[in-house]
Number of protein chains: 2
Amino acid sequence: MKHRTLSCDYGCPVEAAMQVIGGKWKSLILYHLHCNSIMRFNALQKAIQSINQRMLANQLRELEADKLVHRKVYPVVPPKVEYSLTELSKPLGEILLNLRDWGEYYTNALDKT
Amino acid sequence: MKHRTLSCDYGCPVEAAMQVIGGKWKSLILYHLHCNSIMRFNALQKAIQSINQRMLANQLRELEADKLVHRKVYPVVPPKVEYSLTELSKPLGEILLNLRDWGEYYTNALDKT
DNA sequence: CCGTATCCACTTTGATACTG
DNA sequence: CAGTATCAAAGTGGATACGG
């Protein structure tokens with residue numbers, strides 16, 4: 001579970017980008033945050049169905065450390081925490097939208113063959 | 001090294017996309033192929049410095065199986081093999097360009113803090 | 001030049017149970 | 001509601017040596 005928070009010795013910026021959005025879940029989390037602006041922990045888990053609590057919490061922590069999600073905690077009972085994109089990750093949200101479209105195009109194209 | 005070639009039970013297309021470009025190398029390979037149109041095995045290895053032969057061969061095979069790279073073999077000695085994007089992956093190349101720009105923006109922004 | 005084969009360490013992910 | 005803790009399984013990546 002060691003997550004190397006960014007040093008700047010990347011060769012190519014593509015590598016840097018993949019480093020922070022790579023893995024099985026991060027791009028999905030960011031994508032859903034982009035579409036919904038603000039989401040609570042539970043909402044994210046419902047949106048991503050197959051993720052479990054441990055992974056969701058885990059990935060959110062890493063994204064937060066990399067300054068790609070903002071975490072707002074309301075000091076109430078029961079707990080309320082809201083997640084959203086940051087200024088850094090907002091442009092990335094747009095790209096993920098394109099990636100989503102390509103993913104659709106791609107799977108459709110595969111189906112036809 | 002088990003690579004599940006695509007079935008179509010993805011929830012969200014973002015997931016599908018990440019499935020095929022995920023991992024440490026694939027996005028980089030596709031990015032370089034996008035920039036150079038056609039590249040030989042050696043050229044790719046030089047472009048990506050830190051990758052080793054096994055991984056490069058491996059990832060290229062998977063990308064080929066997923067129809068994201070085209071592999072053209074010239075029956076000559078010494079061997080000559082050219083790799084290029086396919087119709088399916090060309091639009092992806094454009095997206096990787098955007099991802100590259102964001103990666104640059106992101107690392108610069110981090111440096112300033 | 002363009003790969004394969006083997007072998008192994010590390011990392012990531014998942015199931016389950018528990019908590020303030 | 002929003003998490004942690006623990007344990008185990010699976011996946012991924014790397015070094016090295018060899019081959020047509």
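Helices (H or I, at least four residues) and strands (E, at least two) are DSSP runs, numbered from the N terminus. The model is predicted: local features need pLDDT of at least 70, side-chain atom pairs count only at pLDDT 80 or more, and totals for chains, interfaces and linings use all residues. Residues are numbered from 1 along each chain as its sequence is written, chains are lettered from A and ligands numbered from 1 in the order in which they are written, and side-chain values use heavy atoms, with hydrogens and water left out.

**View 1. The protein surface near DNA strand D.** A residue is near a molecule or strand if one of its heavy atoms lies within 4 Å of it. Around DNA strand D there are 22 residues. Q53(A), R71(A), Y83(A), K24(B) and R54(B) come nearest. By class, this surface has 10 nonpolar, 4 polar and 8 charged residues. Here Ala, Val, Leu, Ile, Met, Phe, Trp, Tyr, Cys and Pro count as nonpolar, Asp, Glu, Lys and Arg as charged, and the others, Gly among them, as polar. Helix α4(A) gives the most, with 4 residues. On the DNA side, 62% of the strand D atoms within 4 Å of the protein belong to sugar or phosphate. The rest belong to bases.

**View 2. Polar atoms at DNA strand D.** A polar contact is a pair of N or O atoms within 3.5 Å; within protein, one must be able to donate a hydrogen and the other to accept it, and residues adjacent in sequence count only if both atoms are side-chain atoms. R71(A) places a polar side-chain atom 2.5 Å from a phosphate oxygen of strand D. V81(A) uses its backbone: a polar atom there is 3.4 Å from a phosphate oxygen of strand D. R54(B) meets a base, with a side-chain N or O atom 2.4 Å from a base nitrogen of strand D. The elements that give two or more residues to the surface near strand D are α3 (41–47), α4 (53–65) and β3 (80–85) of chain A, together with α4 (53–65) of chain B.

**View 3. Where chain B meets chain A.** Contact means heavy atoms within 4.5 Å. By that rule, 37 residues of chain B touch 37 residues of chain A. The size of an interface is often given as the accessible area lost when the parts come together. Buried area is the accessible area (1.4 Å probe) that two parts lose on being put together, summed over both. The two chains bury about 3,400 Å² between them, 81% of it on carbon and sulfur atoms. V14(B), W102(B) and Y106(B) supply 19% of the area that chain B buries against chain A, more than any other three residues. How many residue pairs are in polar contact across the interface of chain B and chain A? The rule finds 6, with both residues at pLDDT 80 or more. Helices α1 (13–21), α2 (26–36) and α5 (90–112) of chain B each supply at least two residues of the side that touches chain A. The largest share, 16 residues, comes from α5(B). By class, that side of chain B has 25 nonpolar, 5 polar and 7 charged residues.

**View 4. Helix α1(B) and its cover.** Buried means under 20% relative accessible area, exposed over 50%, partly exposed in between (1.4 Å probe, protein chains only). In α1(B), 7 of the 9 residues are buried, so the helix is largely enclosed by the rest of the structure. They are P13(B), V14(B), A16(B), A17(B), M18(B), V20(B) and I21(B). Their cover includes α1, α2 and α5 of chain A together with α2, α4 and α5 of chain B. Just after the helix, G23(B) takes a positive phi of about 85 degrees.

**View 5. Y83(B) and its surroundings.** Y83(B) lies in strand β3 of chain B. Its relative accessible area is 3%, so Y83(B) is buried. Beyond its neighbours within four places in sequence, Y83(B) is in contact with residues including L33(B), F41(B), L60(B) and V69(B). M39(B) is 44 residues away in sequence, yet 5.3 Å away in space, C-alpha to C-alpha. A polar contact of 3.1 Å joins the side chains of Y83(B) and R71(B).

**View 6. Salt bridges.** A salt bridge is a side-chain nitrogen of Lys or Arg within 4 Å of a carboxyl oxygen of Asp or Glu. The count over all chains is 8. Across the interface of chain B and chain A it is 0. In chain B, E87(B) and K90(B) pair at 3.0 Å, N to O. E87(B) is exposed at 58% relative accessibility, and K90(B) is partly exposed at 41%. Salt bridges that share partners join R100(A), D101(A) and E104(A) into one network.
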